[in-house]
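Me: Got a minute to go through this structure with me? I'd like to start with how the helices pack.

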Amino acid sequence: IFKDKVIERFISSYLSGLTPNPCIDCNRFVKFGPLLERAGLLGCERLATGHYARIVFDPASKRHLLKKARDLSKDQSYFLYCLTQEELARTLFPLGEHSKDKVRDMARSRGLVNAEKPDSQDICFVPDGRYYRFVEQYGPPAKPGDIVNSEGQILGRHVGLHRYTVGQRKRLNICGPEPLYVTGLDPKNNAVAVGQEKELYSVGAVINDVNLIALDKIDKPLEVQARLRYRQKDLPAVVEPLDDGRLLLSFRTPQKAVAPGQAAVFYQDDLVIGGGVIESAKK
């Protein structure tokens with residue numbers, strides 16, 4: 001399941017010009033799906049994980065709510081926006097109320113061998129962080145193509161879409177009077193688009209594959225704080241429905257390097273409203 005739903009999706013996303021988040025896919029397709037099912041077969045009522053987040057039941061709405069961890073520096077709610085009501089009802093996050101330092105102290109007091117284990121920083125199956133080498137090792141052969149500017153002029157050649165992401169400046173091997181950045185990836189034409197830094201900014205994004213936790217649906221514009229990357233600060237934004245189940249996320253101030261494939265998660269204070277996948281940036 002991990003190979004099919006996480007690793008293969010990771011490879012195919014990069015080859016399709018997207019910037020995936022395999023940790024979210026792992027939570028969605030492995031930990032809180034098949035693992036919960038297996039727990040039930042073993043007679044286990046709940047699944048407890050080490051995520052830094054909190055689950056609270058709201059009697060008024062009769063919904064299980066997902067909230068940020070008390071230790072905001074370790075909060076992992078961004079990776080958990082895809083959980084369903086059924087999954088939240090059967091899950092425990094016992095670390096959500098504690099700081100990482102306190103958890104380490106508790107581990108030391110119990111003589112646990114992992115009390116001093118360093119925090120994980122990279123993708124578990126790409127420990128050196130060089131994801132493009134992993135894609136090249138396990139995926140199909142890379143397809144070189146053109147690097148073009150906003151006018152469609154060919155400025156150079158790329159070595160494969162998987163080596164580039166929106167906002168990238170290094171390893172382009174092209175020269176110009178001003179610094180150039182990757183502004184988009186075009187899998188249909190196998191092209192990498194580049195432009196000046198000002199071309200990286202977007203006023204919004206279209207969000208697909210939406211999952212809502214705090215609400216049953218969004219049927220009118222809703223003020224939220226949005227997070228487009230795990231370590232990014234929450235951004236003032238408005239989310240509103242489109243006709244086909246997708247959402248339009250509009251930023252109060254233009255945002256730099258909005259990358260299709262990444263997750264956009266919506267908050268109101270410490271409450272996770274829901275989230276989805278960035279389909280495209282709106283310039």
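Me: At what angle do α2 and α3 pack, and how far apart are their axes?

Reply: This is a predicted model. In it, helix α2 (residues 22-31) and helix α3 (residues 34-41) pack at about 30 degrees. Their axes are 5 Å apart.

Me: Parallel or perpendicular, then, for α2 and α3?

Reply: Roughly parallel. Angles under 35 degrees count as that, so α2 and α3 qualify.

Me: Which residues make the contact between α2 and α3?

Reply: From α2, Phe-29, Val-30 and Lys-31. From α3, Pro-34, Leu-35 and Leu-36. By class, that contact has five nonpolar residues, one charged and no polar.

Me: Now α1 and α2. What are the angle and the axis distance?

Reply: Helix α1 (residues 2-15) packs on α2 at about 155 degrees. The axes of α1 and α2 are 9 Å apart.

Me: Why call α1 and α2 roughly antiparallel?

Reply: Because the cut-off is over 145 degrees, and α1 and α2 pack at about 155. They are therefore roughly antiparallel to each other. The crossing of α1 past α2 is right-handed.

Me: Which side chains should I look at for α1 against α2?

Reply: On α1, the contact residues are Phe-2, Lys-5, Val-6, Arg-9 and Phe-10. On α2, they are Pro-22, Asp-25, Cys-26, Phe-29 and Val-30. Seven of the residues in this contact are nonpolar and three are charged, with no polar ones.

Me: And how do α1 and α6 pack?

Reply: Helix α6 (residues 131-138) and α1 pack at about 105 degrees, with axes 10 Å apart. That makes α1 roughly perpendicular to α6.

Me: What's in the contact of α1 with α6?

Reply: Ile-7, Phe-10, Ile-11, Tyr-14 and Leu-15 come from α1. Tyr-131, Phe-134, Val-135 and Tyr-138 come from α6. The contact of α1 with α6 has nine nonpolar residues, no polar and no charged.

Me: Switching to pockets. What volume does the second largest one have?

Reply: About 300 Å³.

Me: Which residues are closest to the centre of the second largest pocket?

Reply: Arg-9, Ser-13, Leu-18, Gly-261 and Val-277. In total, 17 residues line that pocket. Arg-9 is also in the contact of α1 with α2.

Me: Which elements give two or more residues to that lining?

Reply: Helices α1 and α2, plus strands β9 (201-212) and β14 (271-282).

Me: How does the lining of the second largest pocket divide by class?

Reply: Seven nonpolar, five polar and five charged.

Key: Residues are numbered from 1 along each chain as its sequence is written. This is a predicted model: local features need pLDDT of at least 70, side-chain atom pairs count only at pLDDT 80 or more; totals for chains, interfaces and linings use all residues. Side-chain values use heavy atoms; hydrogens and water are left out. Axes are lines fitted to C-alpha atoms, for helices over the stretch in contact, and angles run from 0 to 180 degrees between N-to-C directions. Helices (H or I, at least four residues) and strands (E, at least two) are DSSP runs, numbered from the N terminus. Angles under 35 degrees count as roughly parallel, over 145 as roughly antiparallel, 65 to 115 as roughly perpendicular and the rest as oblique. A crossing is left-handed if the near helix is turned anticlockwise from the far one by less than a right angle, and right-handed if clockwise. Contact means heavy atoms within 4.5 Å. Ala, Val, Leu, Ile, Met, Phe, Trp, Tyr, Cys and Pro count as nonpolar, Asp, Glu, Lys and Arg as charged, and the others, Gly among them, as polar. On a 1 Å grid over the protein atoms alone, a cavity is a set of points where a 1.4 Å probe fits but cannot get out, and a pocket is an open set with protein on both sides within 12 Å along at least five of seven lines; lining residues have an atom within 4 Å of a point. Grid points are joined across faces, edges and corners, and a volume is the space filled by probe spheres set on the points.
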